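Let's take a walk through this fold together, starting with a quick sanity check on one helix and working outward from there. Keep the viewer open as you read.

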Amino acid sequence: MAAPSSGGSCFVLGASGATGQALLKELFAQRPFSRVTVIGRRQLSLPEGSGVAVEQAVVDFERLGEHADAFRGHDVGFCCLGTTRSKAGADGFVRVDRDYVAQAAELARAGGCKHFVLQSSQGANERSSFLYLRVKGEVEKLVEAVGFDRCTILRPAILLCARQEFRPAEWIMQRVLGFGARFCPTAYSVPIETVARAMVASVLQPSGEKVQVLENKAIHQLGKAVPQPGT
C-alpha cells in the first residue's frame with residue numbers, strides 16, 4: 001500500500017489522551033490527510049484553522065457495533081486508546097485496551113481501512129505474567145489477525161509527557177528517566193511528541209512490511225525523521 005495523498009482520510013481513537021492529543025497536533029501540522037475523524041465517547045474541544053476537515057463521532061464503546069458508520073471510508077486508522085488498571089480496575093482495563101481496540105480494528109477493516117497504526121507498549125507479550133503486558137500482547141495479535149493491508153505496532157517505553165491528571169509514581173519515574181535520557185535517550189523513555197511523529201511517519205514512509213513492529217529505539221529514529229512543514 002502506497003502512502004496516502006493529502007486528499008485521504010484517517011480516524012483517531014484515543015484522541016483525549018496525551019499521545020492522542022500530540023498525534024492530532026502532528027496531523028494538523030503536517031496535513032497528510034484532508035479529513036480527520038476523531039472517534040471517542042465525548043466531544044473534544046479542538047483547535048480551528050488547521051486547514052484540515054475535522055469530524056467528531058461520539059460512540060458508545062459498549063455498543064461499538066452500532067457505530068460502524070464512524071469507521072467507514074478511511075484510508076488509515078490511528079489507535080491510542082487505553083486506560084489504566086488503577087483507573088478502570090482489572091476488568092475495565094482489559095475491556096478498553098484489548099476488547100474495544102480489537103472491535104474497532106474489525107469495524108475499520110470492514111469499512112475499508114487499509115492501514116492500522118496501534119500504540120502498544122514496550123515488553124508487550126501475550127504470554128507475560130503481568131496483566132498489562134499480556135493484554136498489550138493479546139491486542140497486538142488480535143489486530144494483526146484482522147488482516148489489514150498494513151499494520152504498524154509501536155512499542156514505546158515510558159512516555160514522557162505532562163498529564164492533566166496527577167500520577168505520583170509516574171511523575172517520579174518521568175523525572176528519573178527524563179534525566180537518564182540525556183545519556184541514553186532511546187533506551188527507557190520517549191516523548192509523546194516523538195511517538196506521534198513516528199505514527200505519522202509510518203504512514204508517509206512505508207516500510208514494505210505487512211506488519212511492522214517499532215520498538216522504542218526505532219520510534220526515536222522514525223520520530224526524528226519526519227520533515228517539518230516547509231522544509
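Start with helix 3, residues 131-146. At 1.5 Å a residue, its 16 residues should span 22 Å, and the C-alpha atoms at its two ends sit 23 Å apart, so the expected and modelled lengths agree. Bear in mind that this is a predicted model.

Now look at which side of helix 3 is tucked away. Its buried residues are Leu131, Val135, Lys136, Gly137, Val139, Glu140 and Val143. An α-helix has 3.6 residues a turn, so residues three or four places apart point the same way. With that in mind, pick out Leu131, Val135, Val139 and Val143 from the buried set. What do the buried residues of helix 3 pack against? Their partners are helix 2 (85-110), strand 5 (115-119) and strand 6 (150-154). Just past the end of helix 3 comes Gly147, with a positive phi near 95°.

Time to zoom out. The chain holds six helices and nine strands, and 47% of its 231 residues are buried. Take the contacts between residues at least 6 apart in sequence: 71% of them join residues at least 24 apart. On the outside, the chain exposes about 11300 Å², with carbon and sulfur atoms supplying 51% of that area.

Next, the inside. The largest nonpolar core has 33 residues, and the ones with the most contacts inside it are Val12, Leu23, Leu24, Leu27, Phe78, Leu154 and Met199. Several elements each supply at least two residues of this core: strand 1 (8-13), helix 1 (18-30), strand 2 (33-40), strand 4 (76-79), helix 5 (192-204) and helix 6 (216-224). Helix 5 gives the most, with eight residues. For a close-up, try Leu23: setting aside neighbours within four places in sequence, Leu23 is in contact with Val12, Phe78, Cys80, Ala196, Met199 and Val200. Apart from this core lies another one, of 26 residues, which include Phe11, Cys113, Leu118 and Cys151.

Finally, swing round to helix 5 and helix 6. Two packed helices are described by the angle between their axes and the distance between the axes. Here, helix 5 and helix 6 pack at an angle of about 75°, with their axes 7 Å apart. An angle from 65 to 115 degrees counts as roughly perpendicular, and helix 5 and helix 6 are therefore roughly perpendicular to each other. At the meeting point, helix 5 brings Thr194, Val195, Arg197, Ala198, Ala201 and Ser202, while helix 6 brings Ile219, His220, Leu222 and Gly223.

Conventions
Residues numbered from 1 in each chain as written. Predicted model: local features only at pLDDT ≥ 70, side-chain atom pairs only at ≥ 80, totals over all residues. Heavy atoms only, no water. Core = buried A, V, L, I, M, F, W, Y, C linked by side-chain atoms within 4.5 Å. Buried < 20%, exposed > 50% of the residue type's maximum accessible area, 1.4 Å probe, protein only. Helix = DSSP H or I, 4+ residues; strand = E, 2+ residues; numbered from the N terminus. Contact = heavy atoms within 4.5 Å. Expected span 1.5 Å × (residues − 1). Areas by Shrake-Rupley, 256 points an atom, 1.4 Å probe, with all protein chains shown as cover. Axes fitted to C-alpha atoms, helices over the stretch in contact; angles between N-to-C directions. Parallel < 35°, antiparallel > 145°, perpendicular 65-115°, else oblique.
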